[in-house]
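Welcome, and thank you for joining this tour. Please open your viewer, keep the sequence panel at hand, and follow along one selection at a time.

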Amino acid sequence: CTQAGAAEWLRDTGLDLDANGFIAVQPTLESTNVHGVFAAGDCAAVLEHPRPKAGVFAVRQGPPLANNLRHALLGEALEPFTPQSVFMGLIGTGDGSCIASRGPLAIEGAWLWELKDWIDRVFMAQYSELLPDMDGGAADQPAEVARNLGEDALETLAHASMRCGGCGAKVGA
């Protein structure tokens, strides 16, 4: 697994950082020193569960992050998240091949690039082609979190477009 480097601007945020310069977070993905600030993925370091910087960890932090953001906005207790400890890494070599590793084992081959490309494309399709139908019903009602913020927030949200295109780290080949 290749390692990421922390962005230099994180040093100026006032947030606690780990020894490598990543935002120090609790298992709830909340900052260790600033209540209500959350971080996940490659910019964060879960101090109680150190893991390498790999997409699988960033992707798996998404649902617990979303749940804890809702909990925080509703004044509810946050839920800790424990990431998996073993994973398969797929790293493209830039020449149409790929290296796969899991624990101490590693293999290389062009067929692994095909596998990695397929996995990435299926993942990205979740954020473009495979989005759920949002016509009618309860989906048209504002979420509880938004309703709790009041009419001004609801009015602002009614005119906001969705800006997320999925995880920026996953770009189709």
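Which residues make a nonpolar surface patch of about 290 Å²? Select W118, I119 and V122, and you have that patch on screen. Patches here are made of residues with over 30% relative accessible area and no salt bridge, where like charges are joined within 9 Å and nonpolar side chains (Val, Leu, Ile, Met, Phe, Trp, Tyr) within 5 Å. Accessible areas come from the Shrake-Rupley method with a 1.4 Å probe, and for residues only the protein chains shown count as cover.

A word on what you are viewing: this is a predicted model, in which local features need pLDDT of at least 70 and side-chain atom pairs count only at pLDDT 80 or more, while totals for chains, interfaces and linings use all residues. Residues are numbered from 1 along each chain as its sequence is written, and side-chain values use heavy atoms, with hydrogens and water left out.

**The whole chain**

Zoom out and colour by secondary structure. The chain has 4 helices and 5 strands, and from the N terminus on their order is β-β-α-β-β-β-α-α-α. Helices (H or I, at least four residues) and strands (E, at least two) are DSSP runs, numbered from the N terminus. Of the 173 residues in the chain, 28% are buried. Buried means under 20% relative accessible area, exposed means over 50%, and partly exposed is in between (1.4 Å probe, protein chains only). Switch on the surface: its accessible area comes to about 11,500 Å², with 56% belonging to carbon and sulfur atoms.

**Helix α2**

Now select residues 110-125, which form helix α2. I119 from the patch lies in this helix and is partly exposed, at a relative accessible area of 33%.

Next, show the side chains of K116 and D120. They form a salt bridge, with the closest N and O atoms 3.1 Å apart; the term means a side-chain nitrogen of Lys or Arg within 4 Å of a carboxyl oxygen of Asp or Glu. Because D120 and K116 are 4 residues apart in helix α2, about one helical turn separates them. Both of these residues are buried.

Add D117 and R121 to the selection. Their side chains also meet in a salt bridge, at 2.9 Å from N to O. This pair too is 4 residues apart in helix α2, so about one helical turn lies between D117 and R121. D117 counts as buried at 15% relative accessibility, whereas R121 is partly exposed at 42%.

How many salt bridges does a search of the whole structure find? It finds 3. To see another one, go to E8 and R11, whose side chains meet at 3.5 Å, N to O. Both E8 and R11 are exposed.

**A hairpin**

Select residues 98-102 and 105-109. These are strands β4 and β5, which run antiparallel and are joined by 5 bridges; two strands pair if DSSP finds at least two bridges between them. R102 has L105 as its bridge partner in β5. The hairpin has 2 residues between the strands, and there G103 takes a positive phi near 60°.

**Strand β1 and the loop after it**

Move to residues 23-25, strand β1, and pick V25. V25 is buried, with a relative accessible area of 1%. Which residues does V25 contact, leaving aside neighbours within four places in sequence? They are E30, S31, T32, A39, A44, A45, V46 and L47, where contact means heavy atoms within 4.5 Å.

L29 sits in the loop between β1 and β2. Although not a glycine, L29 has a positive phi of about 75°. Most residues other than glycine have a negative phi. L29 counts as buried, at 0% relative accessibility.

**Last stop: H49**

Find H49 in the loop between β2 and α1. At 16% relative accessibility, H49 counts as buried. Not counting residues up to four places away in sequence, H49 touches P27, F81, T82 and P83. Try a distance label between H49 and P27: they are 22 residues apart in sequence, and their C-alpha atoms are 7.5 Å apart in space.
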